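Q: Please take a close look at a single part of this protein and explain how that part sits in the whole.

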Amino acid sequence: MAEEVSEARLGRLREEFAAIDTDGDGYITEAEFRAHFPGLPAEALPALSLDGDADGDGRYSLEEFIRLMP
Ligand SMILES: [Ca+2]
Ligand SMILES: [Ca+2]
């Protein structure tokens with residue numbers, strides 16, 4: 001079975017996710033995302049939401065986050 005995400009990469013993404021998820025509820029909201037990336041242009045966020053929010057609940061789960069990150 002092919003491994004889509006390596007253990008090392010998964011570990012890094014988990015840490016990154018935890019750093020952005022400041023209230024620790026297991027989801028990254030747009031506000032948390034914006035707070036973590038203050039330099040991100042506003043127009044980038046709708047595109048990110050479209051691409052990354054697979055289930056359309058308006059926030060990123062770890063699974064969605066992992067898929068989103070290059
Ligand atoms: Ca959160
Ligand atoms: Ca979602």
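A: The account below goes from the whole chain to one loop residue. This is a predicted model, in which local features need pLDDT of at least 70 and side-chain atom pairs count only at pLDDT 80 or more, while totals for chains, interfaces and linings use all residues. Residues are numbered from 1 along each chain as its sequence is written, and chains are lettered from A and ligands numbered from 1 in the order in which they are written.

The protein has four helices and two strands; helices (H or I, at least four residues) and strands (E, at least two) are DSSP runs, numbered from the N terminus. Along the sequence the pattern is α-β-α-α-β-α.

The part to look at is L40, in the loop between α2 (30-36) and α3 (44-52). L40 is exposed because 12 other C-beta atoms lie within 10 Å. A residue is exposed at 12 or fewer such atoms, buried at 20 or more and partly exposed in between, with C-beta atoms placed from the backbone. Buried residues make up 9% of the 70 residues in the protein. Leaving out residues up to four places away in sequence, L40 touches R34 and L45; a contact means that the C-beta atoms, placed from the backbone, lie within 7 Å.

Confidence is given as pLDDT, the predictor's score for each residue from 0 to 100. The protein averages a pLDDT of 86, and 87% of the residues score at least 70. Among the elements, α3 has the lowest mean pLDDT (72), and helix α1 (residues 7-20) has the highest (94). Where pLDDT is low, the predicted coordinates should not be read in detail.

Terms used:
Two residues are in contact if their C-beta atoms, placed from the backbone, lie within 7 Å.
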